[in-house]
Amino acid sequence: MDFPLPSKELMGRVRHAIASLGASTRAVTAGTCVEIAPPKDETRFWSPHLSVQISDVPESGHDHVSSALVSSEDSPAGRSQLFGRFSPRPEIWTFCMFLYFALGLLFCGGLLVVYVQWSLGRAISAVWALPIAILGILGLHIASWIGQGLSKHQMIELREQLDQILELAVPSSPTGKRPGLSSEVQTSTMQSEMTR
C-alpha cells in the first residue's frame, strides 16, 4: 500500500493508533516494523503473525542511484510504502527449518551410504533412510498446508486489525480495497475479505 506521508511520520501515526487501541491489539512496533499477533488465548501451534515494514518510496523524478543516496531524513516530503507478510511465528519457522535440514541430511547421508555399499559390492542396508526422509519432508509440507487452512481466519483477523490501525493512523487510507492489485491478481483470501 502506498501512503502520501514519509515513513517516519506514518510510523509515528501508527504508534499513536496502536496506543489508542490499548489492550484490544497485540501489535508492537520497532523502528519501521509493525508485528501483529493473534490474541494469546487464540494462539495455537499453527497461528500466524503479520509482519509489516514501512519504507520511503523514492521520488520518481530522481534516478535510482541518486535517490538511493538520499536518506529518508533528508527528504522532507515524500511517500511511503507498506509491505506486509504473513508467516509462522519465528520459533515455529526455525523448528520447521531445522526439521527440513535434518531430513535433508538424512536423505543425503543415506544416499551416500547406499552408494558406497553398492560400489563396494556389499549388502545395501541404509536404504531405509531414503523413504523415511522423503516421507518426513512430505509430512512437513502437508502439515504446513493444514496449518495454513486452520489459520486462514486468523490471517483475515490480523489483516482487519492492520486495516483498523491504518484507518486510525491515516483516516483517508485506502484500506477497503487493495491498492495496486487488480481483481485478477488478488488472492481468494483478499477477495473474500472485501466481500464480507
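**Helix packing and confidence in a predicted model**

Good morning. I begin with the contacts of the protein: among those with a separation of 6 or more, 63% are accounted for by residues 24 or more positions apart. The structure above is a predicted model, and I shall therefore treat its confidence before its packing.

The average pLDDT of the protein is 80, and 79% of the residues score at least 70. Taken element by element, the highest mean pLDDT, 93, belongs to helix α3, residues 90–119. The lowest, 40, belongs to helix α2, residues 64–69. Two stretches deserve caution. Over residues 61–76 the pLDDT stays under 50, and the model has seven contacts beyond four places in sequence for this stretch. Over residues 189–196 the pLDDT also stays under 50, here with 16 contacts beyond four places in sequence. Where pLDDT is low, the predicted coordinates should not be read in detail.

Let me turn to the overall architecture. The protein contains six helices and five strands. Along the sequence, these elements are arranged as β-α-β-β-β-α-β-α-α-α-α. The protein has 196 residues, of which 30% count as buried.

I now come to the helix pairs. How do α3 and α4 lie relative to each other? Their axes come within 8 Å and cross at roughly 160 degrees, α4 being the helix of residues 129–150. An angle over 145 degrees counts as roughly antiparallel, and α3 and α4 are therefore roughly antiparallel to each other. Their crossing is left-handed. On the α3 side, the contact is made by C96, L99, Y100, L103, G104, L106, F107, G110 and L111. On the α4 side, the residues are A129, L130, I132, A133, I134, G136, I137, L140 and H141. By class, the contact of α3 with α4 has 14 nonpolar and four polar residues, and no charged ones.

The next pair is α4 with α5, the latter covering residues 152–169. The axes of α4 and α5 are 4 Å apart, and the helices pack at an angle of about 50 degrees. This angle falls outside the ranges for parallel, antiparallel and perpendicular, so α4 and α5 are oblique to each other. Q148, G149 and L150 of α4 make the contact with K152, H153 and M155 of α5. In this contact of α4 with α5, two residues are nonpolar, three are polar and one is charged.

Helix α5 also packs against α1, residues 7–21, with the axes 8 Å apart and an angle of about 115 degrees. That makes α1 roughly perpendicular to α5. The crossing of α1 past α5 is right-handed. From α1, the residues R13, V14, A17, I18, S20 and L21 meet Q164, I165, L166, L168 and A169 in α5. The contact of α1 with α5 divides into eight nonpolar residues, two polar and one charged.

I close with three individual residues. Is Q161 of helix α5 buried or exposed? Its relative accessibility is 12%, and because the limit for burial is 20%, Q161 counts as buried. Leaving out residues up to four places away in sequence, Q161 touches S24, T25, R26, I36 and A37.

One of those partners, T25, is found in the loop between α1 and β2. T25 counts as buried as well, with a relative accessibility of 9%. Which residues does T25 contact, apart from neighbours within four places in sequence? They are I18, Q161 and I165. Two of these also appeared in the contact of α1 with α5, namely I18 in α1 and I165 in α5. T25 and A37 are twelve residues apart in sequence, and their C-alpha atoms are 8.3 Å apart in space.

The third residue is G84, found in strand β5, residues 79–88. With a relative accessible area of 39%, G84 is partly exposed. Beyond four places in sequence, G84 touches L50, S51 and V52. Its C-alpha atom is separated by 9.6 Å from that of C33, and the two residues are 51 residues apart along the chain.

To recapitulate the helices: α3 and α4 are roughly antiparallel, α4 and α5 are oblique, and α1 is roughly perpendicular to α5. Thank you for your attention.

Technical notes: Residues numbered from 1 in each chain as written. Predicted model: local features only at pLDDT ≥ 70, side-chain atom pairs only at ≥ 80, totals over all residues. Heavy atoms only, no water. pLDDT = per-residue confidence, 0-100. Helix = DSSP H or I, 4+ residues; strand = E, 2+ residues; numbered from the N terminus. Contact = heavy atoms within 4.5 Å. Axes fitted to C-alpha atoms, helices over the stretch in contact; angles between N-to-C directions. Parallel < 35°, antiparallel > 145°, perpendicular 65-115°, else oblique. Left-handed = near helix turned anticlockwise from the far one by under 90°. Nonpolar A, V, L, I, M, F, W, Y, C, P; charged D, E, K, R; others polar. Buried < 20%, exposed > 50% of the residue type's maximum accessible area, 1.4 Å probe, protein only.
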